[in-house]
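Subject: Structure handover

Hi,

Here is the structure I promised to pass on to you. Please have it open while you read, and my notes follow directly below it.

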Amino acid sequence: MPASRRGSGSFTLTTGQTIAIHTRTQDEEDLPHATKKTMADHLRKYESLFTLTPQRMRMIVEAFTETLELGLNKPNQIVPMIPTYVFGWPTGQEKGDFLALDLGGTNLRVCLVTLQGEGKFEISQTKYRLTEEQKQDDGQKLFDFCAECLHTFVETNTGEGAGQLKPGQSLPLGFTFSYPCSQERIDHGELIRWTKGFGAGNTEGRDVAEMFKKSLEKYQLPIKLTALINDTTGTLIASHYVNPKTKIAVIFGTGCNAAYMENVKNITKIEHLGIDPGAEMAINCEWGAFDSFEHEHLPRTKYDTVVDDTSNKPGEQAFEKLISGRYLGEILRLVLCELIDEGVLFLGQNTYKLEKPYCFDTAFLSLMESDPTDELLMVIGIFTHFFALETTLAERQFFRALAKLIGRRAARLSACGIAAIVSKMNYLDEGCSVGADGSLYNKYPGFADRVHEGLQDIFGDKGRNIVTYHAEDGSGVGSAIIAAMTKHRKDAGLYLNV
Ligand code: BGC
């Protein structure tokens, strides 16, 4: 039994903020709260909405597998199955200094990675916060900001003082740009669409590598863009560098996606390029787009529809919107708002703070689920501190149960995606390791266990052969390894043949 803590206390959020909490003694009596029975009745309703049966999961996997095949066979499909021009696995012997720039969902990160061979590396890095304005402003300005951060980083980390760069020498750079880009070669990428709430202008449909090179020129940086990569591809390569059993990489963070290694002969849409059919190439699936627009296969609730309709990209990233960290808090908030409108929750209290879209962080779901106290002190803290709302124990238990339903559905849908790649590649019998990264995977309690449970629901006992583990840093180390692999191919004169 978890220890029960009563009275006053405090807890610290992942943001470092400390919040004071207190338990109420007669909370049922002050305000017209919902009864335990009302909350239990509502919970049953949400259980049936958010629960995925094994049978339903298998149907999703079947449709998903077909979609993956389609993306490999035909260009411009909803799930684009992007050829990355990353050929085969690293040897583990890649060596040298490489810069890595990581433009993900929340931060911009610059890394200097020293690959030492034998699967070993050293990394130094700096993070820069991106503002909401930068995400929506002009795209060239965003890349200028990237170049400016690189400039500062290079000055401090690789200047002559630091003894790493000689005058006239340039450093190869792997740019991890974690948005769907169709590629014709490894240092090229046309942005198909922004995801994760980004909307910077004049960027969709353009070659972001070219735009970024322009910004590098502005700052006259001693840097050469060697490879443009997706975070999943980086994760695949970095994880294989240290764990050669890895065959698939997944990201469950602000966005969600997967990459795996495919036989070139199966990527029929690029047959005309004449690449050796016996070669292997990493595929960036961009599976977050599964079921976009048509909404035929995924179990969307009315809350999911609202999330979609009110997003900056309605209809798009249908799979991602049910799974990723950007949206889970909002789904829960919409359920709460419905219960407020129905007069079930928070009668007599001012709920305006909770009515603001996206105010309910997905980190709150993690915190609620991991609250170890009988009184659910963490839940009290969240509701009083952030939303100025008083709650009863029955309500708090309901909120926690709701978080569990939404978090569990996300994990089980994630399992469906992994299962689709496993089925397509026939990995079930021999088994495989899946390198996984992202805030949801790393921080949401029980997420990995629920993915594994989901895989067993889909495949039965054999599902145990598929094991996810916390991946290596794909956007830093992976990006550097890919830059090294690319440099090696170029030096060997293989680059011109793509
Ligand atoms: C992007 C992918 C990325 C994923 C995880 C998605 O929104 O489309 O390119 O890999 O997020 O960061």
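In strand 12, Y260 stands opposite I248. The two strands involved, 11 and 12, run antiparallel and are joined by five bridges, and they form a hairpin with three residues between them. Please keep in mind throughout that this is a predicted model.

On strand 11 there is a second partner to look at. Strand 14 (residues 432-437) runs parallel to strand 11, and five bridges join them. One place to find this pairing on screen is V250, whose bridge partner in strand 14 is A436. As for its surroundings, strand 11 (residues 246-252) is mostly covered, with six of its seven residues buried.

K247 is worth a click too, for its side chain: the charged end sits over the ring of Y427, 5.0 Å from the ring centre. Just before Y427 in the numbering comes N426, which has a positive phi of about 55 degrees although it is not a glycine. N426 belongs to the loop between helix 13 (393-425) and strand 14. Is N426 buried or exposed? With a relative accessible area of 62%, over the 50% cut-off, N426 is exposed.

Y358 makes a good companion to N426. Y358 is not a glycine either, yet has a positive phi of about 65 degrees. You will find Y358 in the loop between helix 10 (325-341) and helix 11 (362-369). The relative accessible area of Y358 is 32%, so this residue counts as partly exposed.

Helix 12 (residues 377-387) gave me another positive phi: A388, which follows the helix, has a value near 50 degrees. The helix itself is mostly covered, since eight of its 11 residues are buried by the under 20% cut-off. Those buried residues are L377, M378, V379, I380, G381, I382, F383 and F387.

Two of these, F383 and F387, lead on to the aromatic residues, as both belong to one aromatic cluster. The other members of that cluster are Y46, F50, Y303, F346, F360, F364, F386, F398 and F399.

How many aromatic pairs are there in the model? The count comes to 32. One of them joins F143 and F212, with 6.4 Å centre to centre and 65 degrees between the planes, an edge-to-face arrangement. This pair links distant parts of the chain: F143 is in helix 5 (residues 139-158) and F212 in helix 6 (residues 208-218), 69 residues apart. F143 and F212 are both buried. Back in the cluster, the ring centres of F398 and F399 are 6.0 Å apart and the planes meet at 65 degrees, so this pair is edge-to-face. F398 and F399 are buried as well.

Now for the empty space. Searching the whole structure turned up three cavities of 30 Å³ or more. The largest cavity has a volume of about 70 Å³, and its lining consists of I82, F177, Y179, C181, Q183, L228, I229, N230 and N284. By class, that lining has six nonpolar and three polar residues, with no charged ones.

The second largest cavity has a volume of about 50 Å³. Here the lining is made up of W194, T195, K196, G197, S311, N312, K313, Q317, E320, K321 and Y327. These divide into two nonpolar, five polar and four charged residues. One contact connects the two linings: K196, from the second largest cavity, lies over the face of Y179, at 4.6 Å from the ring centre, and Y179 lines the largest cavity.

Finally, a look at an open site, the second largest pocket, which has a volume of about 480 Å³. Of its 20 lining residues, P75, N76, S182, Q183 and K269 are the closest to its centre. Q183 is also in the lining of the largest cavity. Which element provides the largest share of the pocket lining? That is strand 3 (residues 82-87), which contributes three residues. By class, the lining of the second largest pocket has 10 nonpolar, six polar and four charged residues.

Happy to go through any of this with you over a coffee.

Best wishes

How values were computed:
Residues numbered from 1 in each chain as written. Predicted model: local features only at pLDDT ≥ 70, side-chain atom pairs only at ≥ 80, totals over all residues. Heavy atoms only, no water. Buried < 20%, exposed > 50% of the residue type's maximum accessible area, 1.4 Å probe, protein only. Helix = DSSP H or I, 4+ residues; strand = E, 2+ residues; numbered from the N terminus. 1 Å grid on protein atoms, 1.4 Å probe; cavity = no way out; pocket = protein on both sides within 12 Å on 5 of 7 lines; lining within 4 Å. Points joined across faces, edges and corners; volume = space filled by probe spheres on them. Nonpolar A, V, L, I, M, F, W, Y, C, P; charged D, E, K, R; others polar. Phe/Tyr/Trp six-rings, centres within 6.5 Å; stacked < 30°, edge-to-face > 60°. Lys NZ or Arg CZ within 6 Å of the ring centre and 35° of its normal. Pairing = 2+ DSSP bridges.
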